Amino acid sequence: AMAILDAQSMLFVGLGDGQLISYHLHFDDNDGSVNIMNRKKVSLGSQAISLNTFKSSDGKACIFAASDRPSVVYSSKGKVAYANINLHGPNDVTFSCSFHCELFPDCLALARNDSLMIGTM
């Protein structure tokens, strides 16, 4: 997933073992090249991670990392931050996506094996 967090373009890669790798991207206007810098790796769980970008209720870009320990990746004071999402029952979230309709504006839909949740962050 690609996102702009605090005016910094970033690339996030979720791995099958629960690791999340992030890179800062620098776009060169002169030759159109992209430089990938500042590789960082964090462990968010032990299962595969599926990534989805969304906007929080205050309009900031975020990334939802769906896995056995779901998390939200966001920017705080110029640094990348990770927040665990605590859900009732099993925490496994198999998929997430942005969701918007008249009754549920600017929401996020989270799918688990046995349920669907709609809410805001």
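A residue counts as partly exposed when its relative accessible area falls between the buried class, under 20%, and the exposed class, over 50%. In this predicted model, Cys 97 belongs to that middle class, because its relative accessible area is 27%. Cys 101 is likewise partly exposed, at 28% relative accessibility.

The cysteines can next be examined for pairing. A disulfide calls for two cysteine sulfur atoms within 2.5 Å, and by this rule the model holds 0 disulfides. Why does Cys 97 form no such bond? The closest cysteine sulfur, that of Cys 107, lies 11 Å from the sulfur of Cys 97, so the gap is too far for a bond. Cys 101 also has Cys 107 as the residue with the closest cysteine sulfur; here the separation is 7.3 Å, which is again too far for a bond.

Attention then turns to the pockets. The largest pocket has a volume of about 180 Å³. Its lining is made up of 13 residues, of which Met 10, His 24, Lys 40, Lys 79 and Val 80 are the closest to the pocket centre. Sorted by class, the lining of the largest pocket comprises 6 polar, 4 nonpolar and 3 charged residues.

Which strands supply this lining with at least two residues each? They are β2 (8-14), β3 (19-27), β4 (34-43) and β8 (79-84). The most generous contributor is β8, which gives 3 residues to the lining of the largest pocket.

Technical notes:
Residues are numbered from 1 along each chain as its sequence is written. This is a predicted model: local features need pLDDT of at least 70, side-chain atom pairs count only at pLDDT 80 or more; totals for chains, interfaces and linings use all residues. Side-chain values use heavy atoms; hydrogens and water are left out. Buried means under 20% relative accessible area, exposed over 50%, partly exposed in between (1.4 Å probe, protein chains only). On a 1 Å grid over the protein atoms alone, a cavity is a set of points where a 1.4 Å probe fits but cannot get out, and a pocket is an open set with protein on both sides within 12 Å along at least five of seven lines; lining residues have an atom within 4 Å of a point. Grid points are joined across faces, edges and corners, and a volume is the space filled by probe spheres set on the points. Helices (H or I, at least four residues) and strands (E, at least two) are DSSP runs, numbered from the N terminus. Ala, Val, Leu, Ile, Met, Phe, Trp, Tyr, Cys and Pro count as nonpolar, Asp, Glu, Lys and Arg as charged, and the others, Gly among them, as polar.
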